[in-house]
Amino acid sequence: MNFDIKIIKANESKIDTIDFNNFSFGSVFTDHMFECDYIDGNWTNPTIKPYQPISIEPSASVLHYGQAIFEGMKAYKDENDEVWLFRPNQNFERINKSAIRMAIPEFPKELFFEGLTKLVDTDRDWIKHGEGRSLYIRPFIIGNEYAIQAVPSKNYKFMIICAPATLYYTKKLKVLVADKYSRAASGGVGYAKAAGNYAGQFYPTNLAKELGFDQVIWTDSNEHKYLEEAGTMNIFFRIDNNLITAPVTDTILDGVTRKSIIQIARDQGINVEIKKLSIEELKNSAKNGSLKEIFGAGTAAVVSEIKGFQHKKEYFELDGQKDSYAEKLKSILVGIQTNKLQDKHNWRYKV
Ligand SMILES: Cc1ncc(COP(=O)(O)O)c(C=O)c1O
């Protein structure tokens, strides 16, 4: 295996053409990308090159059978212009967990970290200072064999692209609890970051948006009884002073933010319960006033407060909380990510 990464620099940077105060998340990309192909049983030809279109044949297996997985992580710049990743090993392990489930060959660790850090370092000027600012990093793998046979692809392409990021949700969210559609079923691929998991959510999420909601909270596909997660966030409920979140099963993505929030909350002396919470319990707690907060947690969304939820025809709105757990946990998380707070769990990773 050849792990020497070839670097071809862009002749000119696009950075001066971007208005960093006015762009939509995920639509602007940095100057470079990382690319590595899987051919004849080996990951080969790792290259950093100018961000550009890729060429694949119409018969490429990803276009027909959806063998595609991805990751989402961020890099942050501190006041001394040092660049930090947050728990990148978790993303590395998760992409390979997704790979195994989708019959994709695992990606080598050394090459993942080499490609990732060299790419982020090359495009470090794209990481700006300021609240919510970071670089969103998107590693992904696609099946790239040119044959329309419904079998695992023989060839693959691993890539990393990067997009400057600002705050994802700037307002509190209104969510609809799923009672008909499902995101994932037991025995399926819900725990993998498989592309199709997201495509399958678009239609029911659009229906929810037409009704004025921002997101769907998915429930278990057997009974639509237990609350699972949101489209791109794990979800937390504060009932009295207990913070509750669902256990990660094979239908829920094992979020890096989720596990970090659980640890930070415990460090703060907050009682965290990892348990299945039913929609009935949630509605009862809203009715008797013990439900204080709901928030989502994810790399893109960070910590996003939810102000109201609807189940079937019943809508519940939460009063704002003075000593909000969401705000407190978010500020500690962001403080660690941006090197403003002590990192006692060794989560930061210097680029
Ligand atoms: C379905 C889903 N759940 C939860 C999350 C949050 O995971 P993380 O905190 O690792 O970003 C994401 C985003 O990656 C997601 O896509």
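**Exercise 1. Determine which residues surround the ligand, and how the shell divides by class.**

Solution. This is a predicted model, in which local features need pLDDT of at least 70 and side-chain atom pairs count only at pLDDT 80 or more, while totals for chains, interfaces and linings use all residues. Residues are numbered from 1 along each chain as its sequence is written. Begin with the criterion, under which a residue is near a molecule if its C-beta atom, placed from the backbone, lies within 6 Å of it. The residues around the ligand are then Gly72, Glu229, Thr232, Met233, Asn234, Leu253, Gly255, Val256, Thr257, Arg258, Gly298 and Thr299. Next, sort them with Ala, Val, Leu, Ile, Met, Phe, Trp, Tyr, Cys and Pro as nonpolar, Asp, Glu, Lys and Arg as charged, and the others, Gly among them, as polar. The shell has three nonpolar, seven polar and two charged residues. Finally, assign elements, where helices (H or I, at least four residues) and strands (E, at least two) are DSSP runs numbered from the N terminus; helix α5 (residues 256–267) gives the most to this shell, with three residues.

**Exercise 2. Describe how domain 1 and domain 2 are placed and which elements of domain 1 touch domain 2.**

Solution. The bounds, which come from an automatic or database domain assignment, are 6–165 for domain 1 and 173–337 for domain 2. Their centres, taken over C-alpha atoms, are separated by 27 Å. Counting two residues as in contact if their C-beta atoms, placed from the backbone, lie within 7 Å, the contact takes 20 residues from domain 1 and 12 residues from domain 2. On the side of domain 1 that touches domain 2, β4 (68–70), β5 (73–77), β6 (83–86) and α2 (88–101) each supply at least two residues, and α2 gives the most, with six residues. By class, that side has nine nonpolar, five polar and six charged residues.

**Exercise 3. Locate the largest nonpolar core and explain why it lies between the domains.**

Solution. A nonpolar core is a set of buried Ala, Val, Leu, Ile, Met, Phe, Trp, Tyr and Cys residues joined through C-beta atoms within 7 Å. A residue is buried if 20 or more other C-beta atoms lie within 10 Å of its own, exposed if 12 or fewer, and partly exposed in between, with C-beta atoms placed from the backbone. Of the 85 residues in the largest core, Ile69, Ala75, Leu135, Val175 and Ile217 touch the most other members. Because both domain 1 and domain 2 give residues to this core, it lies between them. Taking Ile69 as an example and leaving aside its neighbours within four places in sequence, its contacts include Ile95, Phe140, Ala192 and Ala195.

**Exercise 4. State where Arg87 and His224 lie, and whether each is buried or partly exposed.**

Solution. Most residues other than glycine have a negative phi. Arg87, although not a glycine, has a positive phi of about 50°, and its place is in the loop between β6 and α2. Arg87 is buried, since 21 other C-beta atoms lie within 10 Å. His224, likewise not a glycine, has a positive phi of about 55° and lies in the loop between β10 (215–219) and β11 (227–230). With 18 C-beta neighbours inside 10 Å, His224 counts as partly exposed.
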